[in-house]
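Visitor: I should be grateful for a close look at the aromatic rings of this structure. Please explain how they are arranged and where they lie.

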Amino acid sequence: MNKNAGTSSTLSKELFNQVGRYRHKVFVETLGWELTTRNGEELDQFDRPDTLYVVSQDDKGNVNGCARLLPTSQPYLLGEVFPELMNGAPVPCSDDIWELSRFAAVDFNSRTTSALSQFSSEVAVKLLQDSIAFAAEQGAKRLITVSPIGIERLLRRAGFHAHRAGPPMIIGGHPIFACWIEVRQPG
Amino acid sequence: MSDKPYVRMTFDAMQRRALRHLVSALDEDDTGHPGDGAFASAITGYTEWVGEGEPVLTMGWDWEMRAGSDGVALRRVGDPRSNLCVVMRPGAADDIADSSTLLKILIDRSNWQEETLRYLQRRYDG
């Protein structure tokens, strides 16, 4: 697996376009989420010039995982769209709390992976570890994520401490929730 | 930033809280491709419950379904997932491992299987 991390301008244009198409394939075509799309790519208002991405590619260069990182001191998905998932607590707003969103690790080119499973493989665990490490390099001490509840299992498998911020809510037929992830500092 | 991103509660207080079923589902079948070989797989899934009243409590856990002499039965597997840190005494130190053990005791003492099976039947029998 090859990892790339950076902003839309530091990733190559080709790779960033691949990420948009990959997200469309996972979240819109496979999971059926009703999201903003443009030219076959899934991008929304939180895909800004300062947004950070972690991208996983297989040996042939195909994207097989992606994640998005946003500081909660700037507008972010939970704070703007799903504040009710905090169960009445104020939404985080801090340079040392980052949001992990649009996490997916579906390998569409692997014959042994279910295309319906968003968090299915060793790629998912590695991508999660890389994403949290990259957030830590930016100064994150804790992450908050808006995710389907399946990510809790993945966090456990990857050895991270996670706590729910509140109960899951059924949105579009899918239970999603907000989850705190404790970040171990580098070194 | 709060150091405690969870609801702290004693075991006694937890025992007095009623839990309401929220959602349950079967896991996707991800046992491999035809031709990869035969798999003996159990039916597995998850269930989600919320506590009545304030503060809001949320707990979820995985289960497996086994056939027995009295029909199918659900059994919790693995650690529960929650927004809780359960302690035995009010002054006890927070310990997530101990909390997980106490939550497992609470879950295994409760009759969650009946409601979960009813829900699964409604959900998957169309």
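**Aromatic rings in the two chains**

Guide: In this predicted model, both Phe16(A) and Tyr53(A) are buried. A search of the whole structure finds five aromatic pairs over all chains, and one of them is formed by Phe16(A) and Tyr53(A). A pair of aromatic rings is described by the distance of the centres and the angle of the planes. For Phe16(A) and Tyr53(A), the centres are 5.2 Å apart and the planes make an angle of 70°. That angle is over 60 degrees, so the pair counts as edge-to-face. Phe16(A) belongs to helix H1 (residues 13–30) of chain A, whereas Tyr53(A) belongs to strand S4 (residues 52–57) of chain A; the pair therefore ties together parts that are 37 residues apart in sequence.

Chain B offers a further pair, Trp49(B) with Trp61(B), and this one is stacked. Here the distance is 6.3 Å centre to centre, with 10° between the planes. Because Trp49(B) lies in strand S3 (residues 43–51) of chain B and Trp61(B) in strand S4 (residues 58–68) of chain B, this pair ties together parts that are 12 residues apart in sequence. Trp49(B) and Trp61(B) are both buried. Together with Trp112(B), these two residues form one aromatic cluster.

Rings in chain A also meet charged groups. The charged end of Arg102(A) sits over the ring of Phe27(A), at 5.8 Å from the ring centre. Likewise, the ring of Trp180(A) has the charged end of Arg142(A) over it, 5.3 Å from its centre.

Note on methods: Residues are numbered from 1 along each chain as its sequence is written. Chains are lettered from A and ligands numbered from 1 in the order in which they are written. This is a predicted model: local features need pLDDT of at least 70, side-chain atom pairs count only at pLDDT 80 or more; totals for chains, interfaces and linings use all residues. Side-chain values use heavy atoms; hydrogens and water are left out. Rings of Phe, Tyr and Trp (its six-membered ring) pair if their centres lie within 6.5 Å; planes under 30 degrees apart count as stacked, over 60 as edge-to-face and the rest as tilted. Helices (H or I, at least four residues) and strands (E, at least two) are DSSP runs, numbered from the N terminus. Buried means under 20% relative accessible area, exposed over 50%, partly exposed in between (1.4 Å probe, protein chains only). A charge sits over a ring if NZ of Lys or CZ of Arg is within 6 Å of the ring centre and within 35 degrees of the ring normal.
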